Amino acid sequence: MSWISALADLQQRGEPCVLVTIIEERGSTPRNAGSKMVVTAERLFETIGGGHLEFKAMEIARQMLVERTLETRLERFSLGASLGQCCGGATVLLFEPMGQPQAHIAVFGAGHVGRALVPLLASLPCKVRWIDSRESEFPATVPAGVDKVVNEDVIDEIAAMPKGSYFIVMTHDHQLDLELTAEILKRNDFAYFGLIGSKTKRVKFEHRLRTRGFAAETVQRMRCPMGIGEVKGKLPAEIAISIAGEVVATYNANFGQEVKKGDTVARLTPSSRREQA
């Protein structure tokens with residue numbers, strides 16, 4: 001597979017990789033400037049000439065993947081004794097991280113608010129799983145990049161989400177909302193958990209959760225009512241905008257912080273927009 005095809009495939013699947021490019025060559029080198037190689041945690045696509053240079057580049061790229069580095073990196077190599085190559089020239093490599101981990105969002109419920117919210121989330125750099133037991137509630141066309149999940153036992157889908165996920169619960173059934181809430185709080189490894197409902201609903205749920213043995217500090221992590229309070233209104237679109245705004249705010253507040261060692265929260269808005277804020 002060519003480097004450009006590999007890059008497109010990896011980005012479509014959300015698999016992180018590093019694009020390595022020779023941007024400068026001096027003297028005798030195994031490949032010309034412009035040659036590229038794509039490095040993932042387990043695979044290589046294309047080549048920048050093989051030998052110790054390629055091995056060293058692969059090593060650097062994979063360390064960047066482990067560290068989830070977001071910044072580009074330049075490295076200069078002399079192709080002599082230090083690298084065990086006889087070319088004798090020099091080369092400069094550019095390392096560009098691509099497809100860094102995106103935040104995962106699970107939306108439970110395909111009702112009116114869910115149908116207004118999911119397209120907003122789908123327009124952000126995140127992975128969305130839209131979950132409901134009722135096939136008929138989903139629109140005929142689901143936004144691109146959204147994984148529609150129809151499951152009679154939607155609670156099973158909680159375990160499928162990675163650490164540091166975002167959970168949004170807005171089903172048609174209060175008892176189902178409670179069971180989903182209990183399972184999400186049992187994990188207690190989420191970046192965000194929002195439950196649709198009023199302050200009265202929250203009080204009732206807090207009481208029921210306490211009787212199930214949940215600690216007060218764990219229950220306090222639940223956002224209910226969820227959404228930005230300043231965004232008023234009861235229309236599905238207004239509620240959806242409020243919730244999406246809170247998700248973005250949480251992303252940006254937590255960017256770069258560890259959820260657990262090695263797990264970070266992705267950034268939703270580009271640096272240029274963040275700096276203008």
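How do the residues of the lining of the largest cavity divide into nonpolar, polar and charged? Hi everyone, let's find out together. One thing before we start: this is a predicted model.

So, the cavity. The structure holds 1 cavity of 30 Å³ or more, and the space inside the largest cavity comes to about 30 Å³. Its lining is made by E24, E25, R26, R76, A90, T91 and V92. Sort those residues by class and you get 4 charged, 2 nonpolar and 1 polar. That is the answer to my opening question. If you like to think in strands, look at β1 (17-26) and β5 (90-98): each of them gives at least two residues to this lining.

Now let's go to another part of the model, with V231 as our guide. You will find V231 in the loop between α6 (216-219) and α7 (236-254). Is this residue buried, partly exposed or exposed? V231 has a relative accessible area of 32%, so it counts as partly exposed. On the surface, V231 joins L120 and I241 in a nonpolar patch, and together the three have about 210 Å² of accessible area.

V231 turns up once more, in a pocket this time. The second largest pocket has about 380 Å³ of space. There are 15 residues lining this pocket, and those closest to its centre are P225, M226, V231, G233 and S242. What classes make up the lining of the second largest pocket? Here we have 7 nonpolar, 5 polar and 3 charged residues.

That's my tour. Thanks for listening, and do have a look at V231 in the loop between α6 and α7!

Note on methods:
Residues numbered from 1 in each chain as written. Predicted model: local features only at pLDDT ≥ 70, side-chain atom pairs only at ≥ 80, totals over all residues. Heavy atoms only, no water. 1 Å grid on protein atoms, 1.4 Å probe; cavity = no way out; pocket = protein on both sides within 12 Å on 5 of 7 lines; lining within 4 Å. Points joined across faces, edges and corners; volume = space filled by probe spheres on them. Helix = DSSP H or I, 4+ residues; strand = E, 2+ residues; numbered from the N terminus. Nonpolar A, V, L, I, M, F, W, Y, C, P; charged D, E, K, R; others polar. Patch = residues over 30% accessible without salt bridge, like charges linked within 9 Å, V, L, I, M, F, W, Y side chains within 5 Å. Areas by Shrake-Rupley, 256 points an atom, 1.4 Å probe, with all protein chains shown as cover. Salt bridge = Lys/Arg side-chain N within 4 Å of Asp/Glu carboxyl O. Buried < 20%, exposed > 50% of the residue type's maximum accessible area, 1.4 Å probe, protein only.
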